Amino acid sequence: MGVELENSNCTNLVFTYGTLKRGFANHVLLQDLMRTGDAVFKGTYRTLQKYPLVCGPYRVPFLLNMAGSGLRVTGELYAVSARGLDRLDELEGTSRGHYERRPIHLTPAGEEELLPCAAQAYYAHKSYEEEMWKRNGRKGFGVYSEKEAKGYVKRKDRPQNLSFLDHIRIFISSPSD
């Protein structure tokens, strides 16, 4: 028939803009979720509004929940199951104050005339987002590409004697390059 049936368990739409995208370090998690039927790739999407997308310590990307600042951000949309969402929440540290999963509105990239869709995205936690924006000179980028990812350090290769929040605090209190 040519019509691909989608997993009906994958009801949560999640917008990925950084290391979870294809070709980046944490995409292996989404590949695993797709293998188990807990995620389906929906396409390349763009935020309806402008948002700051910046890099923090170890070139980790952060989307800041400051609509109207920054640029329209391009990323990938996935439909995930509840189990998949739990695994993404764990990776993104939502219970540890690293990121917050909140609503976002998107349009398919290159097809902005289509009706926007509502999804969820992992934003930098509100406890440090303003300082992260200042530390980046109030400048962001529209896509996390190989250029922005250059110098990214995987979690396992970072110093283990400090928490990720400690690394963030050190980063935002240090002078800009």
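**Entry 1. Lining of the largest pocket**

I sorted the lining of the largest pocket by residue class and obtained 12 nonpolar, 8 polar and 4 charged residues. The model I worked from is a predicted one. The lining comprises 24 residues. I then looked up which of them lie nearest the centre of the pocket, and found Val60, Leu91, Arg155, Arg158 and Phe164. Strand β1, helix α2 (82-92) and helix α5 (164-173) are the elements that each contribute two or more residues to this lining. For the volume of the largest pocket I noted about 410 Å³.

**Entry 2. Glu92**

I turned next to Glu92, a residue of helix α2. The UniProt record, an unreviewed entry, places the feature "active site" at this position. Is Glu92 buried or exposed? I recorded a relative accessible area of 12% for Glu92, which is under the 20% limit, so I entered the residue as buried. I also listed the contacts of Glu92, setting aside neighbours within four places in sequence. They are Leu20, His98, Tyr99 and Tyr122.

**Entry 3. Thr19**

I located Thr19 in the loop that lies between β1 and α1 (27-35). Its relative accessible area came out at 11%, and with buried meaning under 20%, I therefore classed Thr19 as buried. Which residues does Thr19 touch, not counting those up to four places away in sequence? I found Phe24, Ala25, Asn26 and His27, together with Pro61, Tyr144 and Tyr152.

**Entry 4. Strand β5 and its partners**

I examined strand β5, which covers residues 71-80. How many of its 10 residues are buried? I counted 7, so I describe the strand as largely enclosed by the rest of the structure.

I then traced the pairing of β5 with two other strands. Strand β1 (residues 12-16) runs antiparallel to β5, and 5 bridges join the two. Within this pairing I noted Val14, which stands opposite Tyr78 of β5. Strand β2 (residues 39-51) is also antiparallel to β5, and here I recorded 9 bridges. As one example from that pairing, I looked up Gly43 and found Leu77 as its bridge partner in β5.

I kept one general point beside these pairings: side chains in a regular strand alternate between the two faces of the sheet.

**Entry 5. Cross-reference**

I close with β1, which recurs in these notes. Strand β1 is joined to β5 by 5 bridges, and β1 is also among the elements that give two or more residues to the lining of the largest pocket. The loop holding Thr19 lies between β1 and α1.

Technical notes: Residues numbered from 1 in each chain as written. Predicted model: local features only at pLDDT ≥ 70, side-chain atom pairs only at ≥ 80, totals over all residues. Heavy atoms only, no water. Buried < 20%, exposed > 50% of the residue type's maximum accessible area, 1.4 Å probe, protein only. Helix = DSSP H or I, 4+ residues; strand = E, 2+ residues; numbered from the N terminus. Pairing = 2+ DSSP bridges. Contact = heavy atoms within 4.5 Å. 1 Å grid on protein atoms, 1.4 Å probe; cavity = no way out; pocket = protein on both sides within 12 Å on 5 of 7 lines; lining within 4 Å. Points joined across faces, edges and corners; volume = space filled by probe spheres on them. Nonpolar A, V, L, I, M, F, W, Y, C, P; charged D, E, K, R; others polar. UniProt positions renumbered as here; feature names shortened; annotations may be inferred.
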